[in-house]
Amino acid sequence: MSGADGVVVVGGSVAGIRTARALREQGYDGPVRVVEAEAEVPYDKPPLSKGSVDADACVPLITLEEAEALGIELVLRRRAVALDADRRRLTLDDGNVLSFDHLVVATGLTPRRAPYDVEGVLVLRTLADSRALREAIARSQQVLVIGAGFIGAEVASLARRHGVGVTLVDPEPVPMGRVVGTELGGRFAALHRRHGVDTRFGSTVTSLVRVGDGYRVLLSDGDVVAADAVVVGIGSEVNVGWLAGSGLLVDDGVVCDERGAALRAPGIHAVGDAARWAGVRVEHWTSAVDQAVCVARSIAHPDEPAAPAPPAYVWSDQYDWKIQLVGDRDVARLPEVVEEAEPFRLAATWHDAEGRITGGVTVNWPRESVRMRAALARGGAA
Amino acid sequence: MPVLKADLAACQGYANCVVAADDVYDIDDDGVVVLLQATIDEAERTRVETAARSCPVSALWLEDA
Ligand SMILES: Cc1cc2nc3c(=O)[nH]c(=O)nc-3n(C[C@H](O)[C@H](O)[C@H](O)COP(=O)(O)OP(=O)(O)OC[C@H]3O[C@@H](n4cnc5c(N)ncnc54)[C@H](O)[C@@H]3O)c2cc1C
């Protein structure tokens with residue numbers, strides 16, 4: 001089923017490209033256009049913080065030949081600047097106006113820099129960022145990483161693997177505390193130290209000044225450290241500013257139902273990091289892919305909607321640890337079950353009052369993480 | 001019949017494939033994918049291919065034999 005104007009996807013990263021591909025896989029035969037602000041052929045993001053400094057991290061999400069063969073029109077280097085949801089018109093930065101039967105918002109995030117927006121300070125979200133970061137690590141002796149979340153931890157790990165000194169600063173007492181809790185977070189702190197990182201948890205950067213080719217950094221613990229490069233990984237803003245005045249309901253992401261249909265805006269959907277489905281906005285790759293498949297199905301087969309999304313899942317590779325997080329973890333509480341084995345692996349699970357699993361963490365134990373995801377998909381029974 | 005292929009060296013044990021189709025994909029104790037079927041029924045292609053595409057490192061694909 002398709003109308004003459006077809007589907008316009010705004011944002012050509014994993015959520016947007018997977019939506020376009022899934023539309024074709026599910027037999028949608030109308031026009032499919034993907035509007036993407038960047039000039040690069042769409043590429044994937046998880047590799048940008050992984051692998052080695054010497055290897056380029058470009059993993060394409062689609063090639064120009066595939067796009068052509070699938071009848072997906074890539075409108076690169078064009079930014080959507082305004083949407084009229086009622087009249088189903090999308091305005092691009094070159095003044096072009098696209099009409100559509102369905103619009104899919106997949107505009108993702110922009111990393112936050114403030115208050116560390118000093119000349120040359122690096123963030124990591126795009127391929128260009130990743131190339132600049134790799135160059136910076138390669139010519140540095142000492143790198144300062146601000147923020148010990150997923151991005152900061154993976155950047156620290158990338159730099160250490162290259163033999164570069166790392167100072168890692170985070171105001172929280174332990175890294176990853178928000179996603180695994182304080183007790184397990186302590187193990188992540190030890191992981192950084194074991195790999196030679198100068199960890200400064202519970203500290204903040206109170207002043208960051210450019211000196212010559214590098215930086216002079218004053219920490220709240222009173223120390224002054226020097227760095228050749230500074231990387232900031234302190235979270236992101238949702239790219240929804242262009243939707244001002246569109247008529248869409250936006251509240252830290254496009255507000256959608258449990259299958260990604262924008263509320264009160266027929267024909268409009270949102271997927272990936274910029275979408276809030278049933279009250280929850282997730283910033284992970286697997287959710288973006290699951291949501292893309294679900295929305296493509298609603299568009300291609302409105303009478304046979306997809307099953308609700310599987311439990312949340314994210315992986316992170318830090319040093320020699322393969323970390324996998326599933327479901328919901330009430331990290332204010334300790335996990336009920338913690339299992340460890342040699343060579344080192346760990347699995348921790350959280351349960352509800354009825355003893356059903358709600359979520360878990362594994363390190364170097366993919367099988368166990370699969371078991372948890374399967375149990376969650378069954379409603380939490382063991 | 002489509003033939004299932006895996007790049008075992010590329011596999012990182014992220015295991016999205018197993019969650020999507022556990023009758024076709026499994027994971028061993030070292031966290032490497034195990035293919036439970038060598039060939040796939042044409043009728044199963046879409047489901048198995050969707051599971052393959054859920055691999056974050058593109059370690060899985062179908063080939064036409
Ligand atoms: C370095 C890094 C490592 C990661 N590692 C992992 C990991 O190990 N595991 C995991 O689960 N997740 C990981 N993630 C998260 C995962 O990559 C994201 O969840 C995913 O990229 C979200 O995809 P998206 O398409 O929704 O948004 P994005 O990837 O942010 O893409 C949005 C796209 O929209 C474009 N855009 C924005 N505004 C406009 C506009 N107005 N007009 C046109 N185009 C526009 C942007 O240029 C961009 O290409 C990582 C992310 C990063 C940055």
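In this predicted model, A:Arg216 stands opposite A:Ala226 in strand E14 of chain A, where strands (E, at least two residues) and helices (H or I, at least four residues) are DSSP runs numbered from the N terminus. Strand E13 (residues 214-219) of chain A runs antiparallel to E14(A), to which 4 bridges join it; two strands are taken to pair if DSSP finds at least two bridges between them. Within the hairpin of these strands, 4 residues lie between E13(A) and E14(A), and A:Gly222 takes a positive phi near 100 degrees. The side chains alternate along E14(A) (residues 224-227), with A:Val225 and A:Ala227 buried on one face, while A:Val224 and A:Ala226 point to the other and are not buried; buried means under 20% relative accessible area, exposed over 50%, and partly exposed in between, with a 1.4 Å probe and protein chains only.

The largest nonpolar core has 66 residues, and A:Leu83 and A:Leu90 are among those with the most contacts inside it; such a core is a set of buried Ala, Val, Leu, Ile, Met, Phe, Trp, Tyr and Cys residues joined through side-chain atoms within 4.5 Å. Helix H7 (residues 285-300) of chain A gives the largest share of this core, 8 residues. Because domain 1 (7-110 + 236-300) and domain 3 (320-377) of chain A both give residues to this core, it lies between them, the domain bounds coming from an automatic or database domain assignment.

Residues are numbered from 1 along each chain as its sequence is written, and chains are lettered from A in the order in which they are written. Local features need pLDDT of at least 70, and side-chain atom pairs count only at pLDDT 80 or more, whereas totals for chains, interfaces and linings use all residues; side-chain values use heavy atoms, with hydrogens and water left out.
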